[in-house]
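Please examine the structure shown below. The paragraphs that follow lead the reader through parts of it, beginning with a helix and ending with a group of strands.

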Amino acid sequence: MSVLVHTEKCTGARKCLIIGGGVMGLSTAWHLLKDGHTDVTVLDHPDPLAPSRDISKFFRVDYTDPERMKLVLKSKNLWENDDLFKPFLHRTGRIVAYPPAGVDTLTGIDRARSGLSLPARKHESARLLEDIFESTPISQQLEVVYNEDDGVVDWNRVMKSLKQECMNTGGKFQEGRVLHLDSNTGGMIDAVVTSEGFVDAAQTDIILAAGPWIMQLLEASSIQQPPLSRAPIATGIFAFHLELTTQQWVKYHNLPRFSEIGVCEFVCHPTDVGAAKVTWTTAFRNPSGDGALSEPSDVAKTSLAIKMMLDARDWVRKRIPGLKGARFKSIQSYWDGVTGNQNPIIVRHPEHPNLIIAGGGSYTHAKDLPYIGRVVTEVLQGTGTHSQFGWDERPAGKHLNNQPSLYPDLLFGDLELEASRDQRVKDWNRERSDWII
């Protein structure tokens, strides 16, 4: 982690209002309550578009950025040793296949691991996929590694457990969709307007942890937005929930999970019999109207959703043929805020002293659920800040991302138009019968 830089911006407020009950929000609430804060409220509007509502997530340590790896190693310690989190991390192992375009990422991971005195990953041939998953013959151009220490988090249950722990230790939860924030002439946020009414925010520190809706709320409140490279841009992807036979689930439950970088991921749920998902990792923005803002929207019934489901089906048939006969149960579109270099923004607003922005977490920082709230509390309490999570402009671009496939350089509208012309999509829309792998 970067060296802490001390700041004098702590407001000394005794109350804390957290907007958003996802990764950033719940983790922050937990850490505040552990620190002895007695007036912590989470204002949440559960939305199925939020990736924090997912059923499972990968846990991994490998990144190209050593600073990123240091953070996740702190989280790893809590996943493995804290009684609250330990039951939900399942060490399944994961096989990761890198195409030629992703070899630089693997090289960067090896370099970062070496710098942290971690052993290099053992590089395998693509034959490993054929041996484990009975894949059809695979191009030897794929670089394959087997990460035995990767795992899967039973995500829905850990989020419920963390929320319950927060309530057990005095945290309060209130439901309502935030419409905008009001500030007084001194720049202090003194009211939060929701779909349910009005929340008094006087003498309160406010943590805006609303994921892909952060930029919309800032705009609706006429509050200055972060520079483009630090703005958490609403970014969408698709996940497809599968229904396996019991025999299939038992088989793949006992095998490593599988990721093909830049294409797709397969996750057999660690505890729920029959449950699995594939995630198509092509990411996109959704600009609305004349403005540059990307807006989350439920796009699960669009032509693009069908096209990507058919692409995922073809990928599964080729890579994991033992899933033949499994059924696509549902299509889910998820949205998160992604910054230009995928480092979250966690910082006090330069013009509104009691407002902290904490966003850009669920896609790339969900695995930091046990620890990321500690970073937010350090900013809140004025004990320090982390420069890589700050407000100032940073170099940005796909090549700087730890997960380049999640960099939102594609537009939903363009992809949707292309998908609507796809003959496979037209055929599926006419017959609507092929949900079977």
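Contact, as the term is used here, means that heavy atoms lie within 4.5 Å. The model under discussion is a predicted one.

Consider helix α5, which comprises residues 155-168. At 1.5 Å a residue, its 14 residues should span 20 Å, and the end C-alpha atoms are indeed 20 Å apart, so the expected and computed values agree. The buried residues of this helix are Trp155, Val158, Met159, Leu162 and Cys166. Viewed down the axis of α5, these buried residues fall within an arc of 100°, and they therefore line one face of the helix. On the other side of α5, Lys160 and Asn168 are exposed.

What covers the buried residues of α5? The cover includes helices α1 (23-34) and α2 (66-81), together with strands β3 (56-59), β8 (151-154) and β9 (172-175). Just after α5, Gly170 adopts a positive phi of about 105°.

Attention now turns to strand β15, residues 257-260. Arg257 and Ser259 point one way from this strand, whereas Phe258 and Glu260 point the other way, and all are buried. Strand β15 pairs with β5 (residues 94-98) in the parallel sense, over 4 bridges. Within this pairing, Ile95 stands opposite Phe258.

Strand β15 also runs antiparallel to β16 (residues 264-268), to which 3 bridges join it. Here Glu260 stands opposite Cys264. The strands β15 and β16 form a hairpin with 3 residues between them, and in the turn Gly262 has a positive phi of about 80°.

Key: Residues are numbered from 1 along each chain as its sequence is written. This is a predicted model: local features need pLDDT of at least 70, side-chain atom pairs count only at pLDDT 80 or more; totals for chains, interfaces and linings use all residues. Side-chain values use heavy atoms; hydrogens and water are left out. Buried means under 20% relative accessible area, exposed over 50%, partly exposed in between (1.4 Å probe, protein chains only). Helices (H or I, at least four residues) and strands (E, at least two) are DSSP runs, numbered from the N terminus. Two strands pair if DSSP finds at least two bridges between them. The expected span of a helix is 1.5 Å times one less than its number of residues. The arc is that of the directions from the helix axis to the C-beta atoms.
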